[in-house]
Amino acid sequence: MRWGLRPSGPGAAALARNLWVPPRLPSRAGWRGTARRLLVRSVTGASNQLQNSNNGGYRDTVLLPQTSFPMKLLGRQQPDTELEIQQVRPRLCAARGVGPREGGPTRPGATPGGPTPRAGGTGPQAPGPCGRRGKCGFSELYSWQRERKVKTEFCLHDGPPYANGDPHVGHALNKILKDIANRYHMMRGSKIHFVPGWDCHGLPIEIKVLSELGAKAQNLSAVEIREKARSFAKAAIEKQKSAFIRWGIMADWNNCYYTFDGSYEARQLRIFYQMYDKGLIYRSYKPVFWSPSSRTALAEAELEYNPEHVSRSIYVKFPLSKPSPKLASLIDGSSPVSFLVWTTQPWTIPANQAVCYMPEAKYAVVKCSKSGDLYILAADKVTSVAPVLETTFEVISTFSGVDLESGTCIHPLIPEKVSPLLPANHVTMTKGTGLVHTAPAHGMEDYSVASQHNLSTDCLVDEDGVFTDVAGPELQNKAVLEEGTDVVIKMLQAAKNLLKEEKLVHSYPYDWRTKKPVVIRASKQWFVKLTDLKTTAKELLKKVKFIPGAALNGMVEMMDRRPYWCISRQRVWGVPIPVFHHKTKDEFLINSQTIEHIVKLVEQHGSDVWWTLPPEQLLPKEVLSEVGGPDALEYVPGQDILDIWFDSGTSWSYVLPGKDQLGGWFQSSLLTSVAARKKAPFKTVVVHGFTLGEKGEKMSKSLGNVIDPDVVINGGQDQTKEPPYGADVLRWWVAESNVFTEVTISPSVLNAAGDDISKLRNTLRFLLGNVAGFNPETDSIPVNNMYIIDQYMLHLLQDLANKITDSYKQYDFGKVVRLLRAFYTRELSNFYFSIIKDRLYCENGDDPKRRSCQTALAEILDVIVRSFAPILPHLAEEVFQHIPYTKEPKSVFRTGWINTSSIWKKPGLEEAMESACAMRDSFLGSIPGKNAVEYKVMIVIEPGLLFEIIEMLQAEETSSTSQLNELMMASETTLLSQEPQALAADVIERKGTFLINLEGGDIREESSYKVIVMPTTKEKCPRCWKYTAESSETLCPRCAEVVRGK
């Protein structure tokens, strides 16, 4: 049976081919010259009122939706329902608190949250959720899927969060994104390998512990600090773990990795030695970023740049000592000559060893109009520097930078000290004078120059960032960034070598933990040699997929900016660098024997042994006898620990993240993996942005814009302002955000997410309620026998399923949300549901017309639930337990991914539906705000392909029960090929044209049509409320037949 479809003529035959068989060629329908999309208009119809009416004496003959699935979960109901699904604690049905249905209290015999059961219903009510939810196995899902025998495995490496505080929305963003990916791949049939972990060592934890202890911290031993740091980390881990479980993150939470575990630390030490043995790790005296506030070296990834930092920049004279031959020929000796230097770090001047120039640049000898002195600076900087010094310069002569070779100048603070003039590639003309003051102990490029020219690299600054006694009595014990800078400037003034001081606001590196400025300071540290590693790493990255693609460039740029990786830290809460230092010589001891011995100790007892055992027990006996024996041991254990990026960066070895990690965890993981095994530790890298406030500002307590995930889930103190949304709203926010840039969160954003889910619940309730009494195994209608609009919805459903699957593959979860939201609001709620209610409610329960609709609804329900399941797992499980035809409901996650049929795809349906909808829009647009069933509509189409297509939706000339009339939602529809000669004066007319495009453009035809609208002459049927009855006291023919059958 094809519901009166009567294909006739070549055009209709072509359409029929597209309707009944899988498509061979793409077809596209559209308005003339424009792309076409269904225009949805809200419409009032009889079927929309049925649920809210008592239908007189016919209520019990109307098939209203039946489901116990609640439309809304109020107050604590949402988080409580999620806890119940997670099986956090046993609950009684009565305690669940599902509210009464809208419109009044629950009546005797009514289902909580649903309509009153009708007499003679088509099947039993769906079981209440309390009896069924326990069977979904939410918390056992990870272990269940690990036991499956499947061919593919999806491994997602959990870049570890830091164990130093409460869970925050940044954690939620990261963990939920990972969980969505894991759940999707699991539903697609892969076995998921996901081991959660925590980064447990490092300075942030140590600083927090010491700050909480206050003055007592001064007397603590290294072992005591480590004990307190471990306790602090463990407490933070438990808080975070509880939150992650509450957010619905699927994992084996009893088997996580922790970087303070002895087994983890032992693997890390083995990797350290592998790299050392290959010559990739070495100890050297070099300038490094140093944090005086933390008293340790820092890596680039541990810095943050403060764009509002204020420095005291100065212009300084370096008097000429010995001119180069060329320079001697350009000056007459009658006036003092000095080199002009600009620096933002006056405190480094005492450590000056040279002045550098750009060999290929032009330099000028200028005469200062104010003092008459001669200055030398870059020719390109003459015009910009003079006004800063509040003078004018007369250019005496110019020369090339190379002509400065072999010249020297006098140190501006130490007259007896000579600083050579040296060529250097790092000199630029961007700022300053084109001449660069060079202090090798306080600059990376400066150190490079010193290495080439054998300059002194002595450091005058200690671990606290103050001048040592070597700097002289005037500077000794003064903090270089504070009083030390002030004294240096005064000393330059006294020496008459200061020309100008001014404040400069610029970007400056800060310690990201203490939020205080750092310095560059030379010290003996351990480094990873990056030159060869970076080349190999960049080659391997070409095989790694980055999402978004631009993240690859960001990672490569950060690597290129990194001259070396300093991996030593001068703290105690971490993994020790396993070397022994000679007591009197600058020598250290490390070899395969010492490492193997230490690794075994650490595996058994943890890295505390480095501090608790005497040195002679840390060395194997065969080595101990060679270095003085236990009584005259010449070596002592080193006191440096490993950088936490090395710590967490070796996690790939144990278990096989935000965009700031491109220079941190991602990069350290890559470099250690390349060094140890010459391969990248990942195949795909997904990079997300930071979480920000509503206006794009950083979150901070002082601004009052911090969003606590626990408050999002459970509500705040004032739940009118901070309602309990549950975890799924948090997950929806994560999914719908454009996570590849910065992600904003605010009360209004969360409220919008809650509204989205409420609308989705309404859609799901409609679907569940209207498949009551339907058994897909016995009641489904074959696709080709279904109503055209039902087939059309399956056609759209397959397209939706394909797009959603592709979006998940690309980790574009925001697109998944947009596709779903558009489908359930526009295609379902606003379009399909409004059309099919009469067929669902008023036909016989087992009528093929109704079963056709239920067949479509069951497929729609299945596809939608599986589509959002990775994002909203609690809602998906809740829905799955309410599906009435599932005898033993399982978890939606244990039943696979979306399953559609190729026979659903019928492009020709678009011609039938969209052409009919064009006429529907004309009809509804002519009666805005009116009840469509109070009108009858006449459609006049000139003979041709369009008429043949529309005729397939209505065999009779006039009908109140045809597929065309259902779509129009009118009292009755008349289809004519020519306009009647006489029409009433009060009719409404609308004209239009439609372009048919079939068989990939082989069949194209544009036809005109006219829609004529007039009030109906029939009466309102007391059962279906359509204006199709002969009198208001009698049923319409359709309803009379249905009631007689009952």
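Me: A residue is buried if its relative accessible area is under 20%, exposed if over 50%, and partly exposed in between (1.4 Å probe, protein chains only). Why, then, is phenylalanine 646 called buried?

Reply: Phenylalanine 646 has 0% relative accessibility, and 0% is under 20%, so this residue counts as buried. The model is predicted: local features need pLDDT of at least 70, side-chain atom pairs count only at pLDDT 80 or more, and totals for chains, interfaces and linings use all residues. Residues are numbered from 1 along each chain as its sequence is written, while side-chain values use heavy atoms and leave out hydrogens and water.

Me: What makes two rings an aromatic pair?

Reply: Rings of Phe, Tyr and Trp (its six-membered ring) pair if their centres lie within 6.5 Å; planes under 30 degrees apart are stacked, over 60 edge-to-face, and the rest tilted. Under this rule, the structure contains 27 aromatic pairs.

Me: Why is the pair of phenylalanine 272 and phenylalanine 646 called edge-to-face?

Reply: The two ring centres are 6.4 Å apart, which is within 6.5 Å, so the rings pair. The angle between their planes is 75°, a value over 60, and therefore the pair is edge-to-face.

Me: How do you know that this pair links distant parts of the chain?

Reply: Phenylalanine 272 belongs to helix α9 (residues 262–277), phenylalanine 646 belongs to helix α20 (residues 644–649), and their positions lie 374 residues apart in the numbering. Helices (H or I, at least four residues) and strands (E, at least two) are DSSP runs, numbered from the N terminus. Phenylalanine 272 also has 0% relative accessibility, so both partners of the pair are buried.

Me: What makes the pair of tyrosine 808 and phenylalanine 813 tilted?

Reply: The ring centres of tyrosine 808 and phenylalanine 813 are 5.8 Å apart, and their planes meet at 50°. This angle is neither under 30 nor over 60 degrees, so the pair is tilted. Tyrosine 808 is buried because its relative accessibility is 0%, and phenylalanine 813 is buried because its relative accessibility is 4%.

Me: Which residues form one aromatic cluster with Phe272 and Phe646?

Reply: Phe272 and Phe646 share one cluster with Tyr273, Tyr276, Trp526, Trp565 and Phe588.

Me: How do you know that the charged end of lysine 286 sits over the ring of phenylalanine 527?

Reply: A charge sits over a ring if NZ of Lys or CZ of Arg is within 6 Å of the ring centre and within 35 degrees of the ring normal. The charged end of lysine 286 sits over the ring of phenylalanine 527, 5.0 Å from its centre, and 5.0 Å is within 6 Å. In a second case, the charged end of lysine 1020 sits over the ring of tryptophan 1025, 3.9 Å from the centre of that ring.

Me: Why does the span of helix α27 agree with what it should be?

Reply: The expected span of a helix is 1.5 Å times one less than its number of residues. For the 22 residues of α27 (residues 788–809) this comes to 32 Å, and the end C-alpha atoms are 32 Å apart, so the two values agree.

Me: What makes α27 largely enclosed by the rest of the structure?

Reply: Of the 22 residues of α27, 17 are buried, and the helix is therefore largely enclosed. Tyrosine 811 follows α27 and has a positive phi, near 60°.

Me: Why is arginine 295 called partly exposed?

Reply: Its relative accessibility is 38%, which lies between 20% and 50%, so arginine 295 is partly exposed. Arginine 295 stands in the loop between β5 and β6. Its phi is near 55°, a positive value in a residue other than glycine.

Me: Why is glutamate 390 called exposed?

Reply: Glutamate 390 has a relative accessible area of 56%; this is over 50%, so the residue is exposed. Its place is the loop between α11 (382–388) and β12 (393–400). Glutamate 390 is not glycine, yet its phi is positive, near 60°.

Me: Is leucine 422 buried or exposed?

Reply: Leucine 422 has a relative accessible area of 9%, which is under 20%, and the residue therefore counts as buried. Leucine 422 is part of strand β14 (residues 418–423). The C-alpha atom of leucine 422 is 7.8 Å from that of serine 406, although the two residues are 16 residues apart along the chain.
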